Amino acid sequence: MCGASDQVEVGRIALHFWEEPPISGTDGSGTVFFGHCSLGCVYCQNGRLAAGEAGKPYAIDQLADGFLRLQGQGALNINMVTASHYGPQVREALRRARKRGLHLPVVWNTSGYETVEAVRANEGAVDVYLADFKYARAQTAHAFSAAADYPSVALAAIDAMVEAVGAPAFDSYHGQRRMVRGVLVRHLLLPGHEDESFEALRLLYGRFGDGVLYSLMNQYTPVISRRAAEGRGNAAEMLARYPELGRAADEGAYQRLLDFADSLGMDDYFWQEGQAADESFIPEFE
């Protein structure tokens, strides 16, 4: 489904400054963006990389070199972005890098569409999970990501993540508050799907309470419009079927989502200020 072989492909290894504050700090998160993906989100802002149209092959030792280079540049952590389909290779690269002096916490940055077995396989290798919870409804998950079972799969995976890494914990690293253990769950407000976002927060907070951190995002960027204009994939068909995907999320809807989070008792979460929906935030890939 992901389109990958056993040859690891990487689109970018660099410091990244746009994650949540205890992930990026001011010095940056040491991110490794992997090629391919196990979901087919029609609105994906990293679509070229997810489709395997960008990136280049990396041997395991090259990957270990990259981790150590990021550490040398002052990264707060090593942040694996969409790495699950390369799990065995990534864990081996981490093992080799640690033998050579890697000491940073490892962040597993995931769509949330993980098997419980895949999460358990990361035990001892991953310290922090940065996990999406995209959908509360099977119908939306099927339409936008070709994964009708996403809600149940992601909730079970987050259960396993919490079991594996425990409650959020922090330290101070070069004067920055850094997350070193735990789970941070992200939810992105999709335009026209405000009610489903309410459902998602109710599900998450009812299940996990304050045992995880939350990040509520308004950064949906309608790159699908550009892809439709370029005739790429089925973007034009999806845009015709779901025209709401052609615009950014409404600021009023986002404020209502934050108010709803407050009403649930979710009074400690990350939120985005100002205009976050902008293609300038999307990394360039090799």
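In the predicted model, Asp-27 touches Leu-15, Phe-17, Gly-74, Leu-76, His-174 and Gln-176, residues up to four places away in sequence being left out of the count. Asp-27 belongs to the loop between H1 and E2. With a relative accessible area of 28%, Asp-27 is partly exposed. One of its partners, Leu-76, is 49 residues away along the chain, and the C-alpha atoms of Asp-27 and Leu-76 are separated by 6.9 Å.

His-174, also among the residues touched by Asp-27, is placed in the loop between strand E7 (169-173) and strand E8 (176-188). The backbone of His-174 has a positive phi of about 50°, although the residue is not a glycine. His-174 has a relative accessible area of 58% and is therefore exposed, the cut-off being over 50%. A positive phi is likewise found at Ala-146, about 55°, and this residue is not a glycine either. Ala-146 is located in the loop between helix H6 (138-145) and H7. Its relative accessibility of 54% places Ala-146 in the exposed class.

Helix H1 (residues 21-24) contains Pro-22. Because its relative accessibility is 2%, Pro-22 counts as buried. Beyond its neighbours within four places in sequence, Pro-22 is in contact with Leu-76, Phe-170, Arg-177, Arg-178, Met-179 and Phe-270. Leu-76 thus appears in the contacts of Pro-22 and in those of Asp-27. Pro-22 and Gly-124, which are 102 residues apart in sequence, have a C-alpha to C-alpha separation of 21 Å.

The largest nonpolar core comprises 82 residues, and those with the most contacts inside it are Phe-34, Leu-63, Phe-67 and Met-80. The element that gives the most to this core is helix H7 (residues 150-165), with 8 residues. Another core, of 8 residues, lies apart from it and includes Val-107, Leu-130, Leu-184 and Leu-213. For Phe-34, the contacts outside the four neighbouring places in sequence are with Val-8, Glu-9, Val-10, Leu-49, Leu-63, Met-80, Val-81, Thr-82, Ala-83, Tyr-86 and Val-90. Leu-63 and Met-80 are among these partners, and both are also listed with Phe-34 among the residues with the most contacts inside the core.

Helix H7 also packs against helix H8 (residues 194-208), at an angle of about 35° and with the two axes 12 Å apart. The crossing of H7 and H8 is right-handed. On the H7 side the contact is made by Leu-155, Ala-156, Ile-158, Asp-159 and Val-162, and on the H8 side by Leu-203, Leu-204, Arg-207 and Phe-208. The residues of this contact divide into 7 nonpolar and 2 charged, with no polar residue.

Aromatic pairs number 9 in the structure. In one of them, Tyr-43 and Tyr-220, the ring centres are 5.8 Å apart and the planes stand at 65°, so the pair is edge-to-face. Tyr-43 is in the loop between strand E2 (29-34) and helix H2 (47-50), whereas Tyr-220 is in the loop between strand E9 (213-217) and helix H9 (223-230); the pair therefore ties together parts that are 177 residues apart in sequence. Tyr-43 and Tyr-220 are both buried. Ring pairs join these two tyrosines with Phe-144 and Tyr-242 into a cluster.

Two further positions were examined. Glu-53 is situated in the loop between H2 and strand E3 (56-57). The relative accessibility of Glu-53 is 46%, so this residue counts as partly exposed. Apart from neighbours within four places in sequence, Glu-53 is in contact with Arg-48 and Arg-232. The C-alpha atoms of Glu-53 and Gly-11, which are 42 residues apart along the chain, are separated by 9.5 Å. Ala-236 is part of helix H10 (residues 235-241). With a relative accessible area of 45%, Ala-236 is partly exposed. Between the C-alpha atoms of Ala-236 and Tyr-135, 101 residues apart along the chain, the separation is 22 Å.

How values were computed: Residues are numbered from 1 along each chain as its sequence is written. This is a predicted model: local features need pLDDT of at least 70, side-chain atom pairs count only at pLDDT 80 or more; totals for chains, interfaces and linings use all residues. Side-chain values use heavy atoms; hydrogens and water are left out. A nonpolar core is a set of buried Ala, Val, Leu, Ile, Met, Phe, Trp, Tyr and Cys residues joined through side-chain atoms within 4.5 Å. Buried means under 20% relative accessible area, exposed over 50%, partly exposed in between (1.4 Å probe, protein chains only). Helices (H or I, at least four residues) and strands (E, at least two) are DSSP runs, numbered from the N terminus. Contact means heavy atoms within 4.5 Å. Axes are lines fitted to C-alpha atoms, for helices over the stretch in contact, and angles run from 0 to 180 degrees between N-to-C directions. A crossing is left-handed if the near helix is turned anticlockwise from the far one by less than a right angle, and right-handed if clockwise. Ala, Val, Leu, Ile, Met, Phe, Trp, Tyr, Cys and Pro count as nonpolar, Asp, Glu, Lys and Arg as charged, and the others, Gly among them, as polar. Rings of Phe, Tyr and Trp (its six-membered ring) pair if their centres lie within 6.5 Å; planes under 30 degrees apart count as stacked, over 60 as edge-to-face and the rest as tilted.
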